[in-house]
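Please look over the chain shown below before reading on. The report is meant for someone who meets this structure here without earlier acquaintance.

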Amino acid sequence: MTAPVQRTSATIAAVLQSDPVTRPAALALIALVTTVAPLRRAAGDPAVPPSPAAGATAARPPARHLVAVLPFTVSDGSLSLYSRAAATALARALGGAPGIRARALSLDDPVPVDVALVVDGRLVGGSRGAVAVHLSVRDPETGATVATVATATAPRDELDALVDRAAARLRRPLRAALAARERRRAARRQPIRLPPTVVRLRGAGPPVAAAPPLVVWPAAGAAVGGAVDIAPLATDAAAEIAARLGFRPVAAGRPVPEPGAPPSPAEVAARVAAVGARGALWLRVQDVTFGWAGVLIARGRVRVVAYGPDGRVRFDRVARTDTIVGSRGDRHTAVARMVLAQVADIAVAALDDVMAP
C-alpha cells in the first residue's frame, strides 16, 4: 500500500472510531482506494509509484569465496599442540574480511570442491621458546603458490596476536589472488583472440625477425576415467614446448578425425603449408595414474609426435614422468598440470636437435 493510500485509510479509520453511523460508507471507500491504486500502477500511471516485485529481496552481497585453512605444520614437536588452534584462529580472522569465508580443516577433512584458495601455515620455533608464523596461499586448481607471509618471532603466549597480525598482512594479497582467479576463470569463457596483424609502414626500420610458426594440434587422451579434462591441458603443454623450442605456436583449428590417432601426414602438410609453419606437434596422454601419500601423487605417460614441414613424422616417442608429489589441498587438475610440466621438460630436451627453428 502506497503512502497516499495509507494516509487515506488512516483518516477513514479515525472517522470510523469517532462516528459509527458512517461505517458502511467508509468501508466502501477503503475498498475502492485499495483497488484503484494497484490498477493505476499496473497501467503505468506515473502518479502512482511502482510497488516492489513479488518476492523481491535486498541486493545480494558480494560473492564470498571459500578459503580453506589447513592445520599448521610445525618445525619441532613442541609446537604440535598449537597446530589446530592456530589454524582455527587464522580462519576466524580471515573470515571477517569482505568477500571471504574461511574454514579450518582437520587432517582428515577433504578439501571441499568449491574452495577457491588453500592457506598452508607453519609454526617455526625460535630461540628461547619463541615462535613465528609462516603462511603460503595456493591455488588448488593450478598448484601455484600465489602469496606468502611471514611474521617476526614472538613468545608463544602471544601466538593469538601473532596469528591476527599474519591474517591482517595476508588479506590484501589474498584479495588480489582471488581477483586474479576470477579473471582467469572469466577468460576461459571468452573466445580466443588471435594477435593483430602487424604492418610495417614505409620508411620504418627493418622488421624484427618473428619466431617461425609451429602448428600445435589439439591433444588427445583422458585421465581418471575422464574426471580430469586433460586434453586442453596437454594442448597448452604442447604450445609451451613449441615456444621453448623457439617457435611461435599456431593452433591447428580442428582435432584429429579419429580420437587417439595422430594427424595424418597429408593433413599436417596441408595445414603447415597454409600457415607457412616449420612443422607440427601433437600430444596424446596415454595415462596419468594418481595415488595418495598424505597428498596427491601421480605418474604420467604422454606420446609426443613431431612433424616436419613436409608432414612426415620426425619424432614419435612416449615420455614417462617420475612420481610427481603435490601439496596439501592440491586437486587432480593441479597435479596433472605438474605431470605435463615434466613432460614438457622431457620433450624440449629430446626435440632440441630434431625441431630446431
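What follows describes the chain as a whole, then its cores, a pocket and a few single residues.

This is a predicted model, and the confidence of the predictor therefore deserves attention at the outset, since local features are taken up where pLDDT is at least 70. The mean pLDDT of the chain is 79, and 73% of its residues reach 70 or more. Two stretches call for caution: over residues 33–49 pLDDT stays under 50, and the model has 17 contacts there beyond four places in sequence, while over residues 192–202 pLDDT also stays under 50, with three contacts beyond four places in sequence.

The chain has 357 residues, of which 37% count as buried, and its secondary structure comes to seven helices and 14 strands. Among contacts between residues at least 6 apart in sequence, 63% join residues at least 24 apart.

The largest nonpolar core has 36 residues, and those with the most contacts inside it are Ile230, Ile241, Leu281, Leu283, Leu340 and Leu351. Two or more residues each are given to this core by strand 8 (213–216), helix 5 (230–244), strand 11 (280–292), strand 12 (296–307), strand 13 (313–320) and helix 7 (332–351). Helix 7 provides the largest share, nine residues. Leu351 may serve as an example: leaving out residues up to four places away in sequence, Leu351 touches Ile241, Leu245, Leu281, Val304, Ala306, Phe315 and Ala356. Apart from this core lies another, of 34 residues, among them Val69, Leu90, Leu94 and Ala97. As a general background, nonpolar side chains in soluble globular proteins tend to be buried together.

Which residues lie nearest the centre of the second largest pocket? They are Asp109, Pro110, Val111, Trp292 and Gly329, out of a lining of 19 residues. The volume of this second largest pocket is about 430 Å³, and its lining divides into nine nonpolar, five polar and five charged residues.

Three single residues can be set side by side by their accessibility.

| Residue | Place | Relative accessible area |
|---|---|---|
| Ser106 | loop between strand 3 (100–104) and strand 4 (115–125) | 18% |
| Ala273 | helix 6 (residues 265–275) | 60% |
| Arg128 | loop between strand 4 and strand 5 (130–138) | 87% |

Is Ser106 buried or exposed? Ser106 counts as buried because its relative accessible area of 18% falls under the cut-off of 20%. Leaving aside neighbours within four places in sequence, Ser106 is in contact with Pro71 and Arg84. Ala273, by contrast, is exposed, because its relative accessible area of 60% lies over the 50% that exposure requires. The C-alpha atoms of Ala273 and Asp310, which are 37 residues apart along the chain, are separated by 8.4 Å. Arg128 is likewise exposed, at 87% relative accessibility, and the phi of Arg128 is near 55°, a positive value in a residue other than glycine.

A further residue, Thr145, belongs to strand 6 (residues 145–150). Not counting residues up to four places away in sequence, Thr145 touches Ser136, Val137 and Arg138. The C-alpha atoms of Thr145 and Leu117, 28 residues apart along the chain, are separated by 9.7 Å.

Technical notes
Residues numbered from 1 in each chain as written. Predicted model: local features only at pLDDT ≥ 70, side-chain atom pairs only at ≥ 80, totals over all residues. Heavy atoms only, no water. Core = buried A, V, L, I, M, F, W, Y, C linked by side-chain atoms within 4.5 Å. Buried < 20%, exposed > 50% of the residue type's maximum accessible area, 1.4 Å probe, protein only. Helix = DSSP H or I, 4+ residues; strand = E, 2+ residues; numbered from the N terminus. Contact = heavy atoms within 4.5 Å. pLDDT = per-residue confidence, 0-100. 1 Å grid on protein atoms, 1.4 Å probe; cavity = no way out; pocket = protein on both sides within 12 Å on 5 of 7 lines; lining within 4 Å. Points joined across faces, edges and corners; volume = space filled by probe spheres on them. Nonpolar A, V, L, I, M, F, W, Y, C, P; charged D, E, K, R; others polar.
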